[in-house]
Amino acid sequence: MSLDTPQAGTRRERLTAHEALQRLEHERSSRLSQLRAMGEVTPDGQEQAMAAQKETVKRVLTEVEAAFARVQDGSYGVCGNCSEAIPVERLEILPHTPFCVPCQRSAG
C-alpha cells in the first residue's frame with residue numbers, strides 16, 4: 001500500500017461536488033416521486049393531512065434547490081450560520097442541510 005492511498009476508515013471532511021450533486025439529484029427525484037404519488041392517491045377525509053405532507057415535501061424540494069445553488073457558488077458544506085464545515089456524515093444523511101447540528105438545534 002502506498003503512503004498516498006487513504007486507509008480504510010479515514011474520515012473525509014467534505015463531499016466532492018460530484019458526490020453532493022448525486023445525493024441532491026437523488027433527494028430531488030425522491031421528493032418529486034412522493035408528490036406524484038400523493039397526487040394520485042387522495043382518500044376521502046384525508047385531504048388536510050395530505051395537504052400538510054405535500055407542503056413538507058415542497059419545502060424540502062426548495063431546500064434541495066437551494067443546496068444545488070450552494071454547490072455552484074462553492075458554499076455547499078459550510079454552515080450558513082457559524083461558517084464551520086458541516087460534517088460529511090450529516091451531508092450524507094441530509095444532503096440539502098444548510099446548517100451544522102448545533103446551529104440547527106439552536107434555530108429550533
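**Exercise 1.** Classify glutamate 92, which has a relative accessible area of 32%, as buried, partly exposed or exposed, and then identify its salt-bridge partner in this predicted model.

*Solution.* Step 1: buried means under 20% relative accessible area and exposed means over 50%, with partly exposed in between. At 32%, glutamate 92 is therefore partly exposed.
Step 2: the partner of glutamate 92 is arginine 23, and the closest N and O atoms of this salt bridge are 3.9 Å apart.
Step 3: the pair joins helix H3, where glutamate 92 lies, to helix H1, where arginine 23 lies, so it ties together parts that are 69 residues apart in sequence.
Step 4: arginine 23 is also classified as partly exposed, because its relative accessibility is 30%.

**Exercise 2.** Describe the overall make-up of the protein: which elements does it contain, and in what order do they run?

*Solution.* Step 1: the protein has four helices and zero strands.
Step 2: read from the N terminus, the order is α-α-α-α.
Step 3: of the 108 residues, 25% are buried. The accessible surface is about 7,500 Å², and carbon and sulfur atoms account for 52% of that area.
Step 4: among contacts with a separation of 6 or more, 54% involve residues 24 or more positions apart.

**Exercise 3.** Determine which helices supply the largest nonpolar core, and which residues belong to a second core.

*Solution.* Step 1: the largest nonpolar core comprises 15 residues, and Leu15, Leu24, Val64, Val71, Tyr76, Cys79 and Leu91 have the most contacts inside it.
Step 2: at least two residues of this core come from each of helix H1 (17-40), H2 and H3. H2 gives the most, with five residues.
Step 3: a second, separate core has five residues, including Leu35, Met38, Val57 and Leu61.
Step 4: the general background is that nonpolar side chains tend to be buried together in soluble globular proteins.

**Exercise 4.** Work out where valine 57 is placed, and which residues it touches beyond those up to four places away in sequence.

*Solution.* Step 1: valine 57 is part of helix H2 (residues 47-73).
Step 2: valine 57 counts as buried because its relative accessibility is 4%.
Step 3: leaving aside residues up to four places away in sequence, valine 57 touches Arg31, Gln34, Leu35 and Met38.

**Exercise 5.** Decide whether histidine 96 is buried or exposed, and locate it in the chain.

*Solution.* Step 1: histidine 96 sits in the loop between helix H3 (88-93) and helix H4 (101-107).
Step 2: its relative accessibility is 5%, so histidine 96 counts as buried.
Step 3: once residues up to four places away in sequence are set aside, the residues touched by histidine 96 include Leu24, Glu27, Val60 and Val64.

**Exercise 6.** Compare the positions of the partners in two further salt bridges, arginine 31 with glutamate 27 and arginine 28 with glutamate 65.

*Solution.* Step 1: the structure holds five salt bridges.
Step 2: between arginine 31 and glutamate 27, the closest N and O atoms are 2.9 Å apart. These partners are four residues apart in helix H1, so about one helical turn separates them.
Step 3: between arginine 28 and glutamate 65, the closest N and O atoms are 2.8 Å apart. This pair links distant parts of the chain, with arginine 28 in helix H1 and glutamate 65 in helix H2, 37 residues apart.
Step 4: Glu25, Arg28 and Glu65 form one network through salt bridges that share partners.

Conventions
Residues are numbered from 1 along each chain as its sequence is written. This is a predicted model: local features need pLDDT of at least 70, side-chain atom pairs count only at pLDDT 80 or more; totals for chains, interfaces and linings use all residues. Side-chain values use heavy atoms; hydrogens and water are left out. Buried means under 20% relative accessible area, exposed over 50%, partly exposed in between (1.4 Å probe, protein chains only). Contact means heavy atoms within 4.5 Å. Accessible areas come from the Shrake-Rupley method with a 1.4 Å probe; for residues, only the protein chains shown count as cover. A nonpolar core is a set of buried Ala, Val, Leu, Ile, Met, Phe, Trp, Tyr and Cys residues joined through side-chain atoms within 4.5 Å. A salt bridge is a side-chain nitrogen of Lys or Arg within 4 Å of a carboxyl oxygen of Asp or Glu.
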